Amino acid sequence: MNWDKSKALLERARGSLAGGVSSPFRAKAPMPLYFAGGSGARLEDVDGNRYIDYQLAWGPMILGYGHPKLAEAMHRQASLPFSYGAQHELEISVAEKIQAMVPCAERVAFTSSGSEAVQLVHRLARAFTRRDLILKFEGHYHGWMDSALISYKPSLEQMGPLDSPRSVLGSCGQVANAIENTVAAPWNRLDLLERTLEEHKGRVAAVMMEPVLCNSGCLLPTDGFLAGAKALAHKYGALCVFDEVITGFRIAPGGAQEHFGVTPDLATFGKAVGGGVPLSVIAGRADVLNMMFGGGVVFGGTFNGNPLSLAAADVTLDELARDGGALLREANRIGAGIRDSLRSLARKHGIPAQVTGFGTAFAIHFTGREELNDYRDTLDDNTDTLRRFLIAALERGVQIVPDGRFYVSTAHTEADAAETLDAIDRVLASL
Ligand SMILES: Cc1ncc(COP(=O)(O)O)c(C=O)c1O
């Protein structure tokens, strides 16, 4: 595949844009590509190469690229002021739609990125419970803010023993006392969660998790874990918080809380809710969210409730809610077919691998392990094989997230799936 124009643009970008990319996560192998267009499930780069895309801008493009109703709504909205910094009716319309779709959403608030939404949830939980500690789980990602980037991708040595793990800072320059306000526990282990809550009795404000561990290989919760974790959080006087920035408006119209039937006290959403524009949401109990209005919790944001973002969300949510969530059901069905076929293809080629997750977000792990339940289980994954797999797939026109994750949109068709599997068959043969 020829990437000459991308190479030239990257060279030019490095002269002005730090690192040449807008997020260090995007500086990926074999090189960051420059894109020039896309429609449905396909993207085209500046060299004219076409890809079936499973990266979906890292999740947001749930309706695929160039969705006509979304484009029309954005055009319409673009003829009005881009921002008011004041109230407008779309705020109510979108909040009401989220309320109707998401079980925990007694009230909602709008922010612009998932990281911001997490910051607000941390603050609300701490204010509401008058406690300092956030209990999170190893390998879960809740954005890059100081208070959230803890024990995201630590090594085994950094984490220490499974039954008494250490919280690990994620970045140079992060305030060191972030770890004093955060407790990390292994996921999918109710016994260890209870032990941790007991150890920090009376101090934990929130038990927070990705309800499907999408950021460490799309691992599913074990039976009863979500309900058990919620019950334990409440037993110890803490709030239960789901970070649904990935699962939200993807696994089901009402997110993982609808899919698994466990309603948290608070939840964060981002990515898919805006269909590709910057928008994030905090949803949850009215008594907690109302702490921002007379309860002493300070919260702001110039772009909160931005009309362009909400115009996109309005259409995206209509599409996802239509016919009882038919579009997402179909996307999850097509995705589950690809996921299951990937497993069979790996077996056919004698390559030890697991494919974990749900239809619209799953990941391939090159590992000899039979079961993957927790971040620690993924540390045996063969990252060299993954790297070769990703590059070979890209060269055959299939773009996958650099950690082996596949996102599927409502625009992916059976024909896309068949073409993908044909390419992956050849990729696996070449490894
Ligand atoms: C589960 C989860 N929470 C929070 C975030 C942060 O969102 P953003 O990148 O919009 O700040 C992400 C981003 O990938 C995420 O996956």
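User: Which residues does the domain assignment give to domain 1 and domain 2?
Analyst: Keep in mind that this is a predicted model. The assignment puts 4–66 + 324–430 in domain 1 and 68–320 in domain 2.

User: OK, and how far apart are the C-alpha centres of the two domains?
Analyst: The centres of domain 1 and domain 2 lie 25 Å apart.

User: How many residues of each are in contact?
Analyst: On the domain 1 side there are 33 residues, and they are in contact with 41 residues of domain 2. The area buried between the two domains is about 2,800 Å². Carbon and sulfur atoms give 63% of that area.

User: Which three residues supply more of domain 1's buried area than any other three?
Analyst: Phe358, Tyr375 and Arg376, which supply 27% of what domain 1 buries against domain 2.

User: How many salt bridges are there between the domains?
Analyst: The count between domain 1 and domain 2 is one. As for arginine 376, its side chain meets that of glutamate 138 in a salt bridge, at 2.8 Å from N to O.

User: Switching to the sheet. What's the strand order in the open one with seven strands?
Analyst: The order is β4-β10-β9-β8-β7-β5-β6, and the pairing is mixed. β4 (107–111) and β6 (182–185) are at the edges with a single partner strand each, so one side of each has no neighbour in the sheet. From one strand to the next, the twist averages 20°.

User: How does β4 run against β10, parallel or antiparallel?
Analyst: Antiparallel, with five bridges joining β4 to β10 (residues 280–284). Arginine 107 stands opposite glycine 284 in β10.

User: What about β7, is it buried or exposed?
Analyst: Six of the six residues of β7 are buried, so this strand is largely enclosed by the rest of the structure. β7 pairs with β5 in the parallel sense over three bridges, with leucine 135 having valine 207 in β7 as its bridge partner. β7 also pairs with β8 (residues 239–243), again in the parallel sense, over four bridges. There, methionine 208 stands opposite valine 241 in β8.

User: Which helix lies across β5, β6 and β7?
Analyst: That's α6 (residues 190–199), running at about 165° to β5.

User: Back to charges. How many salt bridges does the structure hold?
Analyst: There are 26. One of them joins lysine 348 to aspartate 425, with the closest N and O atoms 3.0 Å apart. Lysine 348 is in helix α10 (residues 307–348) and aspartate 425 in helix α12 (residues 414–430), so the pair ties together parts 77 residues apart in sequence.

User: Are those two buried or exposed?
Analyst: Lysine 348 is exposed, with a relative accessible area of 55%. Aspartate 425 is buried at 19%, since the cut-off for buried is under 20%.

User: Which residue in α12 does aspartate 422 meet in a salt bridge?
Analyst: Arginine 426, at 3.8 Å from N to O. These two are four residues apart in helix α12, so about one helical turn separates them. Aspartate 422 is partly exposed at 44% relative accessible area, and arginine 426 is partly exposed too, at 43%.

User: Which residues are linked in a network of salt bridges?
Analyst: Lys69, Glu319, Arg322 and Asp323 are linked that way.

User: Last thing: where is glycine 37?
Analyst: Glycine 37 is found in strand β1 (residues 35–39), and is partly exposed at 31% relative accessible area. Leaving aside neighbours within four places in sequence, glycine 37 is in contact with Leu43 and Glu44.

Definitions and conventions: Residues are numbered from 1 along each chain as its sequence is written. This is a predicted model: local features need pLDDT of at least 70, side-chain atom pairs count only at pLDDT 80 or more; totals for chains, interfaces and linings use all residues. Side-chain values use heavy atoms; hydrogens and water are left out. Buried means under 20% relative accessible area, exposed over 50%, partly exposed in between (1.4 Å probe, protein chains only). Contact means heavy atoms within 4.5 Å. Two strands pair if DSSP finds at least two bridges between them. Axes are lines fitted to C-alpha atoms, for helices over the stretch in contact, and angles run from 0 to 180 degrees between N-to-C directions. Domain bounds come from an automatic or database domain assignment. Buried area is the accessible area (1.4 Å probe) that two parts lose on being put together, summed over both. A salt bridge is a side-chain nitrogen of Lys or Arg within 4 Å of a carboxyl oxygen of Asp or Glu.
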